[in-house]
There are 4 protein chains.
Amino acid sequence: MELKEKAFKSVSRKAHPEDTVIDIGGGVKFGGGNFTVIAGPCSVESEEQIVGIAKSVKKSGARALRGGAFKPRSSPYAFQGLKALGMDYLLEAKRETGLPIVTEILNIAHLSLFRDVDVIQVGARNMQNFELLKELGKTDKPILLKRGLANTLQELMMSAEYIMSEGNARVILCERGIRTFEGVTRNTLDLSCIPIIKEATHLPVIVDPSHSTGIARLVAPMSYASMAAGADGLIIEVHNDPENALCDGDQSILPAEFDFITQKLKMMAGLFDKKL
Amino acid sequence: MELKEKAFKSVSRKAHPEDTVIDIGGGVKFGGGNFTVIAGPCSVESEEQIVGIAKSVKKSGARALRGGAFKPRSSPYAFQGLKALGMDYLLEAKRETGLPIVTEILNIAHLSLFRDVDVIQVGARNMQNFELLKELGKTDKPILLKRGLANTLQELMMSAEYIMSEGNARVILCERGIRTFEGVTRNTLDLSCIPIIKEATHLPVIVDPSHSTGIARLVAPMSYASMAAGADGLIIEVHNDPENALCDGDQSILPAEFDFITQKLKMMAGLFDKKL
Amino acid sequence: MELKEKAFKSVSRKAHPEDTVIDIGGGVKFGGGNFTVIAGPCSVESEEQIVGIAKSVKKSGARALRGGAFKPRSSPYAFQGLKALGMDYLLEAKRETGLPIVTEILNIAHLSLFRDVDVIQVGARNMQNFELLKELGKTDKPILLKRGLANTLQELMMSAEYIMSEGNARVILCERGIRTFEGVTRNTLDLSCIPIIKEATHLPVIVDPSHSTGIARLVAPMSYASMAAGADGLIIEVHNDPENALCDGDQSILPAEFDFITQKLKMMAGLFDKKL
Amino acid sequence: MELKEKAFKSVSRKAHPEDTVIDIGGGVKFGGGNFTVIAGPCSVESEEQIVGIAKSVKKSGARALRGGAFKPRSSPYAFQGLKALGMDYLLEAKRETGLPIVTEILNIAHLSLFRDVDVIQVGARNMQNFELLKELGKTDKPILLKRGLANTLQELMMSAEYIMSEGNARVILCERGIRTFEGVTRNTLDLSCIPIIKEATHLPVIVDPSHSTGIARLVAPMSYASMAAGADGLIIEVHNDPENALCDGDQSILPAEFDFITQKLKMMAGLFDKKL
C-alpha cells in the first residue's frame, strides 16, 4: 500500500525537495545531515536531579535536554509531574548548561509556561489531538511530534500537516514504537518507517529507543540501528538512579552508558554521512 | 493476562456492585437492563438534514440523536464540521423531536457551546487526552467515552477513572473497534470486550457498529451480535443520502434499514433481558 | 480494502450462488440455514472421559463431537495427545452415541488413522501448510479449516481454494480469533468477518468461542453473538473437569453450562432463520 | 512481559553460555562473531538465472546462495516453483561457485531431494508445523527457522526447541517481520527482537530485510540497521531482472545494489566486532 502523497501539501518532499533544517537555538540543528541527540530523564524530579543529569549528558554529547514537567499517565493516581515547578527546574538546567530544552505539552492552556522552552513535544497520545496541533501551528516554536501507538505513517504526516497548515514549518517527527501482539518489548520499534518518512517528507525524523522498547539494555543497539536506518537523531532517557526514578525507570540508562553510546555513534557517523 | 482491577477505584464493580444507571434526560437511561440506541449522521450538514433524520430515527425507536458539529479529521483540509452552527441545528432537532443530543467535544474551550447538549462524546483519538478528561470530570454532563484504536481495556477503564476521579460518575463506555492487520473491515470490532467490561465495571457499555466496521451492510449483524454479547446499547450512523454524505458515507445506513434493525432488536430484547 | 474476489475460483459465491450444504453423516449438516454445534474436550484423555462427555453434549443438542488425539503444542515437552489410542477412544464415543467425529490432523502421514473420522480439522497453525491442504483436497472427507492467528480473510479463502482446487468441495471455515495488542482475551474474536465471509463465499462458516477468547465465562455471550452475526454453527470446548484438564482448562465449560447455552441458542434460532 | 526462559531447555543461553557457531560447509559459519550474508532470488527460474546470480553475489561477498525450488504461495494458481528441476539448478550453481545452498522445504516427503542442500529453510508459515520441525530435528542439516508473521519470540524459541529436542542442534533463527496495522511496508521488521534473542539463546539470528519490508529500496538501510542491532547475518533477495521476476520482484534488488550494500557492511563490521 503506497502512501497517499497527494494529501500532503506542505509536508511532502515534492513540495520542498531539500531537507528542512530546524535550528532550535544554541546552534543546535535537526536535519540536513546533522545527527542530534536529546537526552534526559522521563520526568523532572528535583532541581538537583535535572541539573546534574543535564551537565552529565552535555559532556557526553547530548545537544538538548529532555524532561517531563507535565506527565500523561494512564492512571489519574500516578505521579503527574512537577508542572510549573518542573518548568522552573528545566530552565535552571538550561541556564547552567546552555542546552536547549525539549518538554511535553498536554494542554494548550499551559502554553505561557513554555515561553522559554526550545522545543515543544506532542506525545504519542496527543498525535491526533488536532485542536492542540492547530494551536501549536500558530506558535513559532519547533514541535517534536511523536507517532501514536496505533497511527500509520500517513496519519503521522497528516498530523504534521495540521501544524504546518497553520504556519509553523518547524516540525520534527519521532518514531517511538507501535502496538503489536509482541509483549516482550513494550512496543515494537518500526525502524523501516525511517527511510519511508525521509523519502516522503523533508522534515527531520528522530527515534526514541527508550519508550519504544521499554528496556534499558535495548537502548544501545536500537540507537545504533536508528542511525544506520537513516534517522536524524535520537531522544534517549537517561537517569542518575533508574531504580528510584518516579517514572519509567526500567527503560532509563545511566549516564555512563549514555556516554558509551554517544562515543560509538560518533564512530559510526562518518559512515552514514552524519555530523555528530 | 488479567485486568489489574486494583487500579480502578471508582470504576470497579467491586466498589459499586450494582449497575450504574445513567439518566441523560427525557426519560432516557443507559444501563440497568436498558438497551438504548443512539442514531444520527456522522456530521450535521444542515438544519433540514439533521431535523429530518432525527424525526425518522425517533420513529424507529432511537432514544437519542448523534451528529458531529466538531469533526476530528486526519487531514486539516477535510470538512471539519459546522461547529457552532452545527450545534444550533442539533438543538433545533432536539426541540422538534425531544431526543437528547450526543455530540463530540474536541477542545475544552468549546465547553460553553455544550450547555444544552445531553451527552458529551469523547472520541477514540482523545481517549487518553487526560487534560480533557479531567475537565469533563468537573462537569455534570454524562460522558460517552470511546475506546481508542490501540487502547487496552485496562486503559479504557483508567480513562473513565480520570473522569470519575474529578467527581463526574456518569460515564458511558463505547467499543468502536481496534486496529489490527485485517484490512477488509476498517477496524476489528472487539465484542468479547463487552462481557469483560460488564464484569469489571458497573458502568454501561455500548457498541458503535458503524465506525468499527466502516461498512454499512455489517451494521445490522453487528448490532444484533452486540446485544447478544451483552451490550447496553448502540450508536449507529444513519444518513438520508449516504452517497452524498460529507463524511463516512460508506458506513451509514438508510433510515429504512435502521427501522428494520430496531424492529429485530425489539424481538431479541426479551431473550436478553433488555428493555428496548 | 476490498476482498480480491477474482482470486477465488471455486470458493466464490459468484461461482456458486447457493449456500453449500455439507452433510458430514448421521444426518448432520453444515450450511443452508442449519446452525450446527460441535462440542467436546480439547484433547481426548481417556475412553471414559470422551464417552462421558459425548453422551452429555449429545443430550444437550451437540450434533458432532470434537476431541484432539494429535495436539499441536508450542512446547515439545507439553502433552502431545494420545494419538492412535485417542483415535480409538473417539471412535468408541461415536459408536456409543452416533455423533460424528471432528478431530485435527497434523501430518498427512497419519491420514490412514482418519478413515472413520467424519470431519478432519486443519488447525490455525496449519492454515497455510499448503502441502497438507493439497493432500486433504484429494480426500473425500469434509475439512474444518481454521483461520490462522495472523491470517487475513483473503488468505483464509485462498487456503480453502487450495483444498477445493484438488477436488474436495466440502470445506467448513472457522473463525477462532486473531492476534492483537489486547491481552485480556487470548485472541480477539473477529465476528465482523462472519457476514463478510458469508457474502463472499458459499461455504459454511462457524465460530470457536473457546480458543478465541481463552476464557470459559465468555463462551456463552460469544456463542449468542456468533449466531446473531450470522454464523452457521459453533465449536465449543466442554470438559467434565476443567480444572484438571490436560490442556486448555481455562476455556472449557462444564456440561451444565453447555446445556444452558444450547437451550438459549434454540430460543434465538427462529429469529435468525436457523434450524437447530 | 519477560520471556519464560525456563521453557527453553536446549535453546537457552543458560544451558549453553557460549555462542553456537554453525558451520554449513565450504568454510561458511554462522554465529560467534561472523556476519554471514545469504543472497539469491526468491525462486529459481532457470539454470542460467540462478548460476548467473550466484556468480554475481559471490563476487560481492555473499557466503551462501538462496533460491526457492518449492514455493509456498497464498494462491494455488500462482507459480509454485520448479521443484526437483529447481533443485538441480541450485546444485549446478553450487558446483560452479562453491556457494553453499539454502532452500525451503514445504513437505517432509521431499527430504530426499535435499540431500546435497547445505541449509534447509523452514518458512514463516511453517514455523509451528511441529511435525515438520520434529522430522528436521532428526536430520543432520543446519536449519534456517523463520519467525512466523504472528509469532512471539517465546514461540520462535519453542519451535527451535522442537528441532533441538530431536537431536539437531544446528538452528539459525531469522527475523522477517511481523503483521501489524501499518500497511506501507508489507510487514513490520522487529529489530528490537535481535538483542533479546541474542541474550536469551546461544543460537545465531539473522534478518531478512527483503520479505519483511517488501520494498527493494528499504533493503539497504534495513541491512545496515540489522548489523547495528547485533544480528549475525542477512538473507537478501537479489535478482538480475526484478521487473520480470516470477515472484516478489518488488522487494528484489539488483546485483549492483547488493554489491554496494556488502561494501558498506564491510566498512561497518569492525565497529560491531563482526567478521565479514
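Author: A residue counts as exposed if 12 or fewer other C-beta atoms lie within 10 Å of its own, and as buried if 20 or more do. With that in hand we can read a helix in this structure, which is a predicted model.

Reader: Which exposed residues does the face of α2(C) turned away from its buried side carry?

Author: That face carries A84(C) and R95(C). The helix itself runs over residues 84-97 of chain C, and its 14 residues reach 20 Å from the first C-alpha to the last, close to the 20 Å expected at 1.5 Å a residue.

Reader: Which residues of α2(C) are buried, and why do they lie on the same side of the helix?

Author: The buried residues are G86(C), M87(C), Y89(C), L90(C), A93(C), K94(C) and T97(C). They fall on the same side of α2(C) because they cover an arc of only 165° around the axis.

Reader: What do the buried residues of α2(C) pack against, and which residue just after the helix takes a positive phi?

Author: Within chain C, they pack against α1 (47-60), β4 (64-66) and β5 (101-104). Just after the helix, G98(C) has a positive phi of about 80°.

Reader: Turning to the contact between chains A and D, how many residues does each chain give, and which helix of chain A supplies the largest share of its side?

Author: Chain A gives 32 residues and chain D gives 32 residues. On the side of chain A that touches chain D, α5 (193-200), α7 (219-229) and α8 (255-269) each supply at least two residues, and the largest share, 6 residues, comes from α7(A). By character, the residues of that side of chain A divide into 22 nonpolar, 8 polar and 2 charged.

Technical notes:
Residues are numbered from 1 along each chain as its sequence is written. Chains are lettered from A and ligands numbered from 1 in the order in which they are written. This is a predicted model: local features need pLDDT of at least 70, side-chain atom pairs count only at pLDDT 80 or more; totals for chains, interfaces and linings use all residues. Helices (H or I, at least four residues) and strands (E, at least two) are DSSP runs, numbered from the N terminus. The expected span of a helix is 1.5 Å times one less than its number of residues. The arc is that of the directions from the helix axis to the C-beta atoms. Two residues are in contact if their C-beta atoms, placed from the backbone, lie within 7 Å. Ala, Val, Leu, Ile, Met, Phe, Trp, Tyr, Cys and Pro count as nonpolar, Asp, Glu, Lys and Arg as charged, and the others, Gly among them, as polar.
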